[in-house]
Structure formats: structure tokens, C-alpha cells
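Biologist: I have a new structure to look at, and I would like to learn how to read it. Could you take me through some features, step by step?

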Amino acid sequence: MQVNPQIEAGWLEVLKEEFSAPYFARLKEFLVAEKRTQTVYPPGPLIFNAFNSTPFDKVKVVLLGQDPYHEAGQAEGLCFSVPEGCAFPPSLVNILKELESDLGYPFPRSGHLAKWAAQGVFLLNATLTVRAHQAGSHQRRGWETFTDSVIRALSEKKQGLVFLLWGSYAQAKSALIDTSRHYILKTVHPSPLSAYRGFFGCKHFSQTNRILEQQGKSPIDWNLHTL
């Protein structure tokens, strides 16, 4: 599988040194070898979907996930999102339950979150690929080095972003974020194992919009329900 930096021009400019770094060359070699014998998600053209869906200069909110979904037809390069017509994974169900509770929006028919991405919600997984049926199988291969650099670049080059860090893995990334320039909202992961320990009732969607509006930025229309 060829992994070229076919990403939005603003991101390409910000990250060009990463794409030429030795670790990224090793990551590409690993992915090419994986593809020879394994099924890898998401499909190659969607690996950088988060970047293409939310240009660098449009980012207002960062939602950090850990790993792509690892079952067929689920992963589309946007954290927590699934394509139209795909069954809702449990964590996404809980995210949408909290959205309904927080803002009163009806539970949607689709778990496709591209509407959020188009408004400046950067839906980043820390690891951008995964082997089919094997969660975490592409961790510690170089993706985390890359996405840590992405977070640092956002922290250093942007102002007033809202980072949504759900769960201990995401919260560990707060060390990369300049809190004098940005806002961090933390809670437990929306997984069924932890959602009842603080995710439900966190009201991060309404809190995010208040923070954006206080800066004179337009709020996010989080409503995914279509008639």
C-alpha cells in the first residue's frame, strides 16, 4: 500500500518535514509489507481523510481518538465516525446519547461525522491505520510520532482551539498542548466500560460552543439528524 502525503495543502506545508523524516519512511515500509499479507483499514485513500476533511486553517476543535475501527466497512479516517449505513459502534452510540442529552438533538440515523469535520472539528486518531480484526495492531510503528507532531503543530501555530480529550490515552496528549493558548476539556472515554463514570453529563458539546462564541468564532452545528 502506497502511503503518500496526499493531504490538504495547508497540512502538507505544516507537516512536510514529517513526511521526509526517517521514521516516516520506516512506517511506509511497514504498511507496504502489511498490505501484502493483511487487510488494513481504512482504505489507502482515506488514511489522511481527517486532514483533507478539515484544512489546517479551518481547525477550531480537535477530537482525539486512539485507533481506527478494525472491522470491515467501519473505518473512514475520521475518529469515532462510520460511513453512512454502517452500524453504530458502542462508543459512538454513547457520544450521540450525550449529544442528545446535552443539546436536545434527536439521535441520528447515521454515524457519519463529516458534517462536524467540515465545520472545523478535526477528527484525529493517534494511529491512522489498523490490521483487520486486531485493535491496536499498528501502534508503536510510527503513527504516534506523526500525530504527536500534528498536535504540537496545532498548539504552536493556532490560537484558541478546543481540545476534547476523552479517556486516559487522549488525556496524556495534554502534555503537547500549550494551555495558555488553547482550551482542554477532559472526561472519561465514551466506551460502555467507562461512559457512566463521567462521560454522560460532561456537556462537552455545549461547552465547546460557549468557548468558541466567547472568542467571536462561530459555534459548531453538532446536529446530525436528518428528516
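Modeller: Gladly, and please keep in mind that this is a predicted model. Let us start with helix α4, which covers residues 90-103. Counting 1.5 Å a residue, its 14 residues should span 20 Å, and the end C-alpha atoms are 20 Å apart, so the two values agree.

Biologist: Which residues of α4 are buried?

Modeller: First the general idea. An α-helix has 3.6 residues a turn, so residues three or four places apart point the same way. In α4, the buried residues are S91, L92, N94, I95, L96, E98, L99 and D102.

Biologist: What do the buried residues of α4 pack against?

Modeller: Their partners are α5 (114-118), β5 (162-166) and α8 (204-214).

Biologist: And what phi does G104 take just after α4?

Modeller: G104 has a positive phi of about 80 degrees.

Biologist: Let us try another helix. What span should α6 have, and how far apart are its end C-alpha atoms?

Modeller: Helix α6 runs over residues 143-157, which makes 15 residues. At 1.5 Å a residue the expected span is 21 Å, and the end C-alpha atoms are 21 Å apart, so α6 agrees with the rule too.

Biologist: How many residues of α6 are buried?

Modeller: The helix is mostly covered, with 11 of its 15 residues buried. Among them are W143, F146, V150, I151 and L154, and the buried set also includes E144, D148 and S149.

Biologist: Why does S149 count as buried?

Modeller: The cut-off for buried is under 20% relative accessible area. S149 has a relative accessibility of 14%, so it counts as buried. This residue sits in helix α6, and its side chain makes a polar contact with the side chain of E18 at 3.2 Å.

Biologist: Now for empty space. How many cavities of 30 Å³ or more does a search of the whole structure find?

Modeller: The search finds 2. The largest cavity has a volume of about 50 Å³, and its lining is made of P42, I47, P68, G77, L78, N125 and L128. By class, that lining has 5 nonpolar residues, 2 polar and no charged.

Biologist: Which residues line the second largest cavity?

Modeller: They are L64, G65, Q66, F80, W166, Y169, A170 and H189. Two elements, β2 (61-65) and α7 (168-171), each give two or more residues to this lining. The volume here is about 40 Å³, and the lining divides into 5 nonpolar, 3 polar and no charged residues.

Biologist: How much space lies in the largest pocket?

Modeller: About 430 Å³. Of the 23 residues that line this pocket, D67, P68, Y69, S91 and H189 are the closest to its centre. The lining holds 10 nonpolar, 10 polar and 3 charged residues.

Biologist: Q66 appeared in the lining of the second largest cavity. Where is Q66 placed?

Modeller: Q66 belongs to the loop between β2 and α4. Its relative accessible area is 32%, so Q66 is partly exposed. Setting aside neighbours within four places in sequence, Q66 is in contact with N125, A126, T127, Q139 and Y169. You can also compare places along the chain with places in space: Q66 and I151 are 85 residues apart along the chain, and their C-alpha atoms are separated by 13 Å.

Biologist: What should I look for in the backbone?

Modeller: The general idea is that most residues other than glycine have a negative phi, and most peptide bonds are trans. Departures from that are worth finding. Here, a cis peptide bond joins Y41 and P42, with omega at about -10 degrees. P42 lies in the loop between β1 (40-41) and α3 (49-53), and P42 is also one of the residues lining the largest cavity.

Biologist: What phi does H133 have, and is H133 buried or exposed?

Modeller: H133 is not a glycine, yet its phi is positive, about 70 degrees. With 54% relative accessibility, H133 counts as exposed. Its place is the loop between β4 (130-131) and α6.

Biologist: And what phi does R140 have?

Modeller: R140 is likewise not a glycine and has a positive phi of about 60 degrees. R140 lies in the loop between β4 and α6, and at 69% relative accessibility it counts as exposed.

Note on methods: Residues are numbered from 1 along each chain as its sequence is written. Side-chain values use heavy atoms; hydrogens and water are left out. Helices (H or I, at least four residues) and strands (E, at least two) are DSSP runs, numbered from the N terminus. The expected span of a helix is 1.5 Å times one less than its number of residues. Buried means under 20% relative accessible area, exposed over 50%, partly exposed in between (1.4 Å probe, protein chains only). Contact means heavy atoms within 4.5 Å. A polar contact is a pair of N or O atoms within 3.5 Å; within protein, one must be able to donate a hydrogen and the other to accept it, and residues adjacent in sequence count only if both atoms are side-chain atoms. On a 1 Å grid over the protein atoms alone, a cavity is a set of points where a 1.4 Å probe fits but cannot get out, and a pocket is an open set with protein on both sides within 12 Å along at least five of seven lines; lining residues have an atom within 4 Å of a point. Grid points are joined across faces, edges and corners, and a volume is the space filled by probe spheres set on the points. Ala, Val, Leu, Ile, Met, Phe, Trp, Tyr, Cys and Pro count as nonpolar, Asp, Glu, Lys and Arg as charged, and the others, Gly among them, as polar.
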